[in-house]
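Colleague: Got a minute to walk me through this one? I'd like to start with a single residue and work outwards.

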Amino acid sequence: MLVNMKSIIEDAEKNNYCVGMYTSPSLPFAEAVIAAAEEMNAPVMFGQAQVWDRYGAIDKYGPIMADMARKAKVPVCLHLDHGTSVSYIMKAIKAGYTSVMADYSKLSFKENVENVKKIVEFCHAADVSVEGLCGRMPNVWQLADDPDMDITEFFTDPDELREFVKVTGVDAMTVSFGTVHNMKVSKPMLDFDLLKKLKEVADECNFALVLHGSSGVEDNQIKEAIKYGLRKINVYTRLSIAAQPAMEEAIKASKEPLFFHELLDIAQKAMKEAIKESIKLFSNGYDFSNRTYEEFAQ
Ligand SMILES: [Zn+2]
(Lines give C-alpha, C1' and ligand atoms only; values in the text may rest on other atoms or scores of the structure.)
Protein backbone atom coordinates (compact mmCIF):
# COMPACT_ATOMS: atom_id res chain seq x y z
CA MET A 1 0.00 0.00 0.00
CA LEU A 2 1.21 3.46 -0.87
CA VAL A 3 1.60 5.68 2.22
CA ASN A 4 3.46 8.86 3.12
CA MET A 5 6.62 9.04 5.20
CA LYS A 6 4.90 10.46 8.27
CA SER A 7 2.72 7.38 8.75
CA ILE A 8 5.72 5.04 8.52
CA ILE A 9 7.93 7.05 10.88
CA GLU A 10 5.11 7.31 13.42
CA ASP A 11 4.84 3.52 13.38
CA ALA A 12 8.64 3.25 13.63
CA GLU A 13 8.66 5.60 16.64
CA LYS A 14 5.89 3.61 18.33
CA ASN A 15 7.62 0.27 17.77
CA ASN A 16 11.20 1.51 18.06
CA TYR A 17 12.55 0.45 14.66
CA CYS A 18 14.18 2.30 11.79
CA VAL A 19 12.96 2.30 8.17
CA GLY A 20 15.28 1.94 5.18
CA MET A 21 15.02 4.36 2.27
CA TYR A 22 16.48 2.54 -0.71
CA THR A 23 17.22 5.02 -3.47
CA SER A 24 16.11 3.25 -6.66
CA PRO A 25 17.40 4.91 -9.82
CA SER A 26 15.96 2.23 -12.11
CA LEU A 27 13.01 -0.18 -12.16
CA PRO A 28 15.03 -3.40 -11.56
CA PHE A 29 16.31 -1.87 -8.32
CA ALA A 30 12.80 -0.74 -7.36
CA GLU A 31 11.46 -4.26 -7.95
CA ALA A 32 14.20 -5.71 -5.72
CA VAL A 33 13.20 -3.29 -2.92
CA ILE A 34 9.51 -4.21 -3.03
CA ALA A 35 10.28 -7.95 -3.20
CA ALA A 36 12.64 -7.69 -0.20
CA ALA A 37 10.12 -5.68 1.87
CA GLU A 38 7.31 -8.14 1.12
CA GLU A 39 9.49 -11.13 2.03
CA MET A 40 10.42 -9.41 5.32
CA ASN A 41 6.81 -8.18 5.82
CA ALA A 42 8.27 -4.76 6.71
CA PRO A 43 7.44 -1.15 5.75
CA VAL A 44 9.89 0.36 3.30
CA MET A 45 10.74 3.57 1.42
CA PHE A 46 12.06 3.83 -2.13
CA GLY A 47 12.26 6.35 -4.97
CA GLN A 48 14.39 8.39 -7.30
CA ALA A 49 17.10 10.96 -6.46
CA GLN A 50 16.94 14.13 -8.55
CA VAL A 51 20.60 13.79 -9.53
CA TRP A 52 19.92 10.36 -11.07
CA ASP A 53 16.91 11.29 -13.17
CA ARG A 54 18.73 10.36 -16.38
CA TYR A 55 18.79 6.69 -15.25
CA GLY A 56 15.02 6.62 -14.74
CA ALA A 57 13.06 9.80 -15.52
CA ILE A 58 10.68 10.53 -12.66
CA ASP A 59 7.78 11.55 -14.90
CA LYS A 60 8.11 8.27 -16.82
CA TYR A 61 8.86 5.80 -13.99
CA GLY A 62 7.30 7.58 -10.99
CA PRO A 63 3.72 6.53 -11.86
CA ILE A 64 4.89 2.90 -12.35
CA MET A 65 6.66 2.94 -8.97
CA ALA A 66 3.58 4.46 -7.29
CA ASP A 67 1.55 1.60 -8.76
CA MET A 68 4.11 -0.95 -7.49
CA ALA A 69 3.79 0.63 -4.03
CA ARG A 70 -0.04 0.59 -4.14
CA LYS A 71 -0.04 -3.13 -5.00
CA ALA A 72 2.55 -4.08 -2.34
CA LYS A 73 1.41 -6.08 0.71
CA VAL A 74 3.35 -3.82 3.09
CA PRO A 75 3.31 -0.02 3.62
CA VAL A 76 5.54 1.61 1.00
CA CYS A 77 6.47 5.28 0.82
CA LEU A 78 7.57 6.71 -2.53
CA HIS A 79 10.16 9.31 -1.56
CA LEU A 80 12.21 11.79 -3.60
CA ASP A 81 15.85 11.87 -2.47
CA HIS A 82 17.68 15.23 -2.54
CA GLY A 83 15.11 17.29 -4.45
CA THR A 84 16.78 20.62 -5.12
CA SER A 85 14.18 22.58 -7.10
CA VAL A 86 10.48 23.35 -6.80
CA SER A 87 9.89 22.24 -10.40
CA TYR A 88 11.40 18.79 -9.78
CA ILE A 89 9.56 18.38 -6.48
CA MET A 90 6.30 19.25 -8.29
CA LYS A 91 7.15 16.65 -10.94
CA ALA A 92 7.60 14.03 -8.20
CA ILE A 93 4.24 14.86 -6.60
CA LYS A 94 2.53 14.78 -10.00
CA ALA A 95 4.06 11.34 -10.62
CA GLY A 96 2.55 10.02 -7.38
CA TYR A 97 5.32 10.57 -4.84
CA THR A 98 4.10 10.72 -1.23
CA SER A 99 7.24 12.20 0.32
CA VAL A 100 10.05 14.53 -0.77
CA MET A 101 13.41 15.65 0.53
CA ALA A 102 13.80 19.39 -0.03
CA ASP A 103 17.56 19.89 -0.07
CA TYR A 104 18.51 23.56 -0.04
CA SER A 105 21.64 22.95 2.03
CA LYS A 106 23.83 24.70 -0.55
CA LEU A 107 22.14 27.98 0.43
CA SER A 108 22.56 29.95 3.66
CA PHE A 109 20.64 28.75 6.72
CA LYS A 110 18.12 31.59 6.31
CA GLU A 111 17.50 30.88 2.59
CA ASN A 112 17.31 27.13 3.25
CA VAL A 113 14.62 27.70 5.90
CA GLU A 114 12.64 30.09 3.66
CA ASN A 115 12.61 27.65 0.70
CA VAL A 116 11.75 24.56 2.74
CA LYS A 117 8.96 26.39 4.59
CA LYS A 118 7.23 27.15 1.26
CA ILE A 119 7.65 23.54 0.11
CA VAL A 120 6.22 22.17 3.37
CA GLU A 121 3.12 24.38 2.90
CA PHE A 122 2.16 22.98 -0.50
CA CYS A 123 3.33 19.42 0.23
CA HIS A 124 1.35 19.11 3.47
CA ALA A 125 -1.73 20.42 1.68
CA ALA A 126 -1.34 17.42 -0.66
CA ASP A 127 -0.62 14.98 2.23
CA VAL A 128 3.00 14.66 1.07
CA SER A 129 5.68 14.43 3.79
CA VAL A 130 8.86 16.53 3.73
CA GLU A 131 12.43 15.91 4.84
CA GLY A 132 14.90 18.77 5.23
CA LEU A 133 18.65 19.07 5.72
CA CYS A 134 20.35 21.76 7.73
CA GLY A 135 24.10 21.98 7.82
CA ARG A 136 25.79 20.06 5.00
CA MET A 137 26.68 16.48 4.13
CA PRO A 138 30.20 15.95 2.77
CA ASN A 139 30.82 13.38 0.01
CA VAL A 140 33.80 11.18 -0.76
CA TRP A 141 34.95 13.33 -3.69
CA GLN A 142 35.27 16.36 -1.43
CA LEU A 143 37.31 14.22 0.96
CA ALA A 144 39.49 12.98 -1.91
CA ASP A 145 40.22 16.58 -2.91
CA ASP A 146 41.01 17.52 0.68
CA PRO A 147 42.04 14.46 2.75
CA ASP A 148 42.74 16.63 5.82
CA MET A 149 39.21 18.06 5.77
CA ASP A 150 37.73 18.28 9.26
CA ILE A 151 34.30 16.64 8.82
CA THR A 152 33.17 17.82 12.27
CA GLU A 153 32.75 21.25 10.61
CA PHE A 154 29.78 19.70 8.76
CA PHE A 155 28.07 18.37 11.90
CA THR A 156 24.49 19.46 12.67
CA ASP A 157 24.13 22.09 15.39
CA PRO A 158 21.24 21.14 17.77
CA ASP A 159 20.08 24.77 18.18
CA GLU A 160 20.02 25.34 14.40
CA LEU A 161 18.14 22.06 14.00
CA ARG A 162 15.47 23.17 16.51
CA GLU A 163 15.03 26.53 14.79
CA PHE A 164 14.89 24.91 11.33
CA VAL A 165 12.09 22.53 12.32
CA LYS A 166 10.10 25.07 14.31
CA VAL A 167 10.01 27.50 11.37
CA THR A 168 9.55 25.00 8.51
CA GLY A 169 7.35 22.30 10.10
CA VAL A 170 9.17 19.44 8.31
CA ASP A 171 8.42 15.81 9.20
CA ALA A 172 12.02 14.57 9.15
CA MET A 173 15.53 15.96 9.14
CA THR A 174 18.78 14.60 7.77
CA VAL A 175 21.44 15.16 10.39
CA SER A 176 25.20 15.04 10.10
CA PHE A 177 27.18 13.41 12.90
CA GLY A 178 29.96 11.51 11.14
CA THR A 179 28.81 9.94 7.87
CA VAL A 180 29.91 10.82 4.35
CA HIS A 181 27.99 10.36 1.06
CA ASN A 182 28.98 7.66 -1.48
CA MET A 183 31.46 5.97 0.86
CA LYS A 184 32.30 2.38 -0.11
CA VAL A 185 35.17 1.31 2.13
CA SER A 186 36.23 3.88 4.71
CA LYS A 187 35.22 3.70 8.34
CA PRO A 188 33.54 6.87 9.54
CA MET A 189 33.22 7.34 13.29
CA LEU A 190 29.83 8.47 14.52
CA ASP A 191 29.52 11.08 17.27
CA PHE A 192 26.94 9.49 19.58
CA ASP A 193 27.03 12.33 22.13
CA LEU A 194 25.87 14.69 19.41
CA LEU A 195 23.25 12.19 18.19
CA LYS A 196 21.80 12.03 21.72
CA LYS A 197 21.41 15.83 21.76
CA LEU A 198 19.82 15.78 18.27
CA LYS A 199 17.31 13.13 19.38
CA GLU A 200 16.30 15.33 22.34
CA VAL A 201 15.47 18.08 19.83
CA ALA A 202 13.55 15.56 17.67
CA ASP A 203 11.44 14.45 20.65
CA GLU A 204 10.80 18.05 21.71
CA CYS A 205 9.71 19.15 18.21
CA ASN A 206 8.12 15.87 17.01
CA PHE A 207 10.08 14.98 13.87
CA ALA A 208 12.23 12.02 12.76
CA LEU A 209 16.02 11.88 12.54
CA VAL A 210 17.44 10.65 9.24
CA LEU A 211 20.90 9.32 8.42
CA HIS A 212 22.41 9.59 4.93
CA GLY A 213 25.75 8.14 3.87
CA SER A 214 25.37 4.90 5.83
CA SER A 215 27.14 2.60 3.37
CA GLY A 216 30.66 2.98 4.74
CA VAL A 217 29.52 2.61 8.36
CA GLU A 218 30.08 -0.68 10.19
CA ASP A 219 26.96 -2.63 11.19
CA ASN A 220 27.63 -2.32 14.92
CA GLN A 221 27.80 1.49 14.61
CA ILE A 222 24.50 1.52 12.67
CA LYS A 223 22.86 -0.67 15.33
CA GLU A 224 24.12 1.65 18.05
CA ALA A 225 22.86 4.75 16.20
CA ILE A 226 19.38 3.20 15.82
CA LYS A 227 19.29 2.62 19.59
CA TYR A 228 19.66 6.39 19.97
CA GLY A 229 16.44 6.83 17.99
CA LEU A 230 17.23 7.22 14.28
CA ARG A 231 14.01 6.51 12.35
CA LYS A 232 15.12 6.51 8.69
CA ILE A 233 18.37 5.50 7.04
CA ASN A 234 19.14 6.11 3.37
CA VAL A 235 21.08 3.39 1.61
CA TYR A 236 22.25 2.98 -1.93
CA THR A 237 25.98 2.35 -2.34
CA ARG A 238 26.17 -0.73 -0.11
CA LEU A 239 23.29 -2.48 -1.89
CA SER A 240 24.08 -1.46 -5.42
CA ILE A 241 27.63 -2.82 -5.26
CA ALA A 242 26.24 -6.20 -4.13
CA ALA A 243 25.26 -6.84 -7.77
CA GLN A 244 28.77 -6.86 -9.24
CA PRO A 245 30.36 -9.92 -7.51
CA ALA A 246 27.23 -12.01 -8.17
CA MET A 247 27.31 -11.09 -11.87
CA GLU A 248 31.07 -11.69 -12.13
CA GLU A 249 30.72 -15.12 -10.58
CA ALA A 250 27.92 -16.08 -12.99
CA ILE A 251 29.89 -14.80 -16.01
CA LYS A 252 32.97 -16.77 -14.94
CA ALA A 253 30.95 -19.96 -14.34
CA SER A 254 29.13 -19.81 -17.69
CA LYS A 255 30.68 -21.37 -20.80
CA GLU A 256 28.44 -19.29 -23.05
CA PRO A 257 27.67 -15.58 -23.17
CA LEU A 258 24.81 -14.76 -20.78
CA PHE A 259 21.63 -13.02 -21.88
CA PHE A 260 20.99 -9.56 -20.49
CA HIS A 261 17.80 -10.70 -18.72
CA GLU A 262 19.80 -13.47 -17.02
CA LEU A 263 22.40 -10.98 -15.78
CA LEU A 264 19.67 -8.63 -14.60
CA ASP A 265 18.00 -11.46 -12.72
CA ILE A 266 21.27 -12.35 -10.97
CA ALA A 267 21.89 -8.70 -10.05
CA GLN A 268 18.34 -8.26 -8.71
CA LYS A 269 18.55 -11.39 -6.56
CA ALA A 270 21.86 -10.24 -5.03
CA MET A 271 20.45 -6.77 -4.32
CA LYS A 272 17.24 -8.20 -2.87
CA GLU A 273 19.21 -10.33 -0.41
CA ALA A 274 21.32 -7.30 0.58
CA ILE A 275 18.13 -5.23 1.11
CA LYS A 276 16.64 -7.97 3.29
CA GLU A 277 19.80 -7.96 5.43
CA SER A 278 19.54 -4.20 5.69
CA ILE A 279 15.86 -4.33 6.78
CA LYS A 280 16.86 -6.87 9.46
CA LEU A 281 19.73 -4.68 10.65
CA PHE A 282 17.47 -1.61 10.86
CA SER A 283 14.66 -3.49 12.68
CA ASN A 284 16.36 -2.96 16.08
CA GLY A 285 15.05 -6.40 17.07
CA TYR A 286 11.41 -5.60 16.16
CA ASP A 287 9.67 -8.68 14.76
CA PHE A 288 7.76 -7.83 11.57
CA SER A 289 6.87 -11.45 10.76
CA ASN A 290 3.34 -11.50 12.24
CA ARG A 291 2.59 -7.84 11.78
CA THR A 292 -0.58 -6.69 10.00
CA TYR A 293 -0.97 -3.23 8.50
CA GLU A 294 -4.74 -2.60 8.31
CA GLU A 295 -4.36 0.76 10.08
CA PHE A 296 -2.27 2.03 7.15
CA ALA A 297 -4.95 1.21 4.57
CA GLN A 298 -7.31 4.18 4.73
ZN1 LIG B 1 21.90 11.77 0.81
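Colleague: Is Asp127 buried or exposed?
Modeller: Keep in mind that this is a predicted model. Asp127 has a relative accessibility of 55%. The cut-off for that top class is over 50%, so Asp127 counts as exposed.

Colleague: Where is Asp127 found, and what is its phi near?
Modeller: Asp127 is found in the loop between α5 and β6 (129–133). Its backbone angle is positive, in a residue other than glycine. The phi of Asp127 is near 60°.

Colleague: Which loop holds Asn16, and how accessible is Asn16?
Modeller: Asn16 is another residue other than glycine with a positive phi, near 60°. Asn16 lies in the loop between α1 and β2. Its class is partly exposed, because its relative accessibility is 36%.

Colleague: Tyr17 and Phe288 form a ring pair; which kind is it?
Modeller: The whole structure has eight aromatic pairs, going by the search. For Tyr17 and Phe288, the ring centres sit 4.9 Å apart and the planes make an angle of 75°. Planes over 60 degrees apart go into one class, so this pair is edge-to-face.

Colleague: How many residues apart are Tyr17 and Phe288?
Modeller: Tyr17 is in the loop between α1 (5–15) and β2 (19–23). Phe288 comes in the segment after α12 (260–282). The pair links distant parts of the chain, with a separation of 271 residues.

Colleague: Is Phe288 buried or exposed, and what is its relative accessibility?
Modeller: Tyr17 and Phe288 fall in the buried class together. The limit for that class is under 20%. Phe288 counts as buried because its relative accessibility is 6%.

Colleague: Which residues do ring pairs link into a cluster with Phe288?
Modeller: Phe288 also pairs with Tyr286: the centres are 5.0 Å apart and the planes are at 85°, so that pair is edge-to-face as well. Put this beside the ring pair of Tyr17 and Phe288. The cluster is made of Phe288 with Tyr17 and Tyr286.

Colleague: On to charges: what is the distance between the closest N and O atoms of Glu13 and Lys199?
Modeller: Side chains of opposite charge can pair when their charged atoms come close. The search of the whole structure turns up 21 salt bridges. In the one between Glu13 and Lys199, the closest N and O atoms are 3.3 Å apart.

Colleague: Which helices do Glu13 and Lys199 lie in?
Modeller: This salt bridge links distant parts of the chain, its partners being 186 residues apart. Glu13 is in helix α1, and Lys199 is in helix α8 (residues 192–205).

Colleague: Is Lys199 buried or exposed?
Modeller: Its partner Glu13 is partly exposed, at 37% relative accessibility. Lys199 comes out at 10%. With the limit at under 20%, Lys199 counts as buried.

Colleague: Which residues are linked with Glu13 and Lys199 in a network of salt bridges?
Modeller: Start from the salt bridge of Glu13 with Lys199. The network takes in those two residues and two others, Asp203 and Arg231.

Colleague: How many residues apart in sequence are the parts that Lys166 and Glu204 tie together?
Modeller: Lys166 and Glu204 form a salt bridge, at 3.7 Å between the closest N and O atoms. Lys166 is exposed, at 56% relative accessible area, whereas Glu204 is partly exposed, at 46%. Lys166 lies in helix α7 (residues 158–168) and Glu204 in helix α8, so the separation is 38 residues.

Colleague: Glu121 and Lys117 meet in a salt bridge too; which helix do they lie in?
Modeller: Their N to O distance is 3.5 Å. Four residues separate them, about one turn of the helix. Both Glu121 and Lys117 lie in helix α5 (residues 109–125).

Colleague: Which residues have the most contacts inside the largest nonpolar core?
Modeller: That core has 93 residues. Leaving aside neighbours within four places in sequence, Tyr22 is in contact with Phe46, Val235 and Phe282, among others. The residues with the most contacts inside the core are Tyr22 and Phe46.

Colleague: Last one: what is the radius of gyration of the chain?
Modeller: The chain has 12 helices and nine strands, and 54% of its residues count as buried. A compact globule with 298 residues would have a radius near 19 Å. The chain agrees with that, at 19 Å.

Terms used: Residues are numbered from 1 along each chain as its sequence is written. This is a predicted model: local features need pLDDT of at least 70, side-chain atom pairs count only at pLDDT 80 or more; totals for chains, interfaces and linings use all residues. Side-chain values use heavy atoms; hydrogens and water are left out. Rings of Phe, Tyr and Trp (its six-membered ring) pair if their centres lie within 6.5 Å; planes under 30 degrees apart count as stacked, over 60 as edge-to-face and the rest as tilted. Helices (H or I, at least four residues) and strands (E, at least two) are DSSP runs, numbered from the N terminus. Buried means under 20% relative accessible area, exposed over 50%, partly exposed in between (1.4 Å probe, protein chains only). A salt bridge is a side-chain nitrogen of Lys or Arg within 4 Å of a carboxyl oxygen of Asp or Glu. The radius of gyration is taken over C-alpha atoms; the globule rule is 2.2 Å times the number of residues to the power 0.38. A nonpolar core is a set of buried Ala, Val, Leu, Ile, Met, Phe, Trp, Tyr and Cys residues joined through side-chain atoms within 4.5 Å. Contact means heavy atoms within 4.5 Å.
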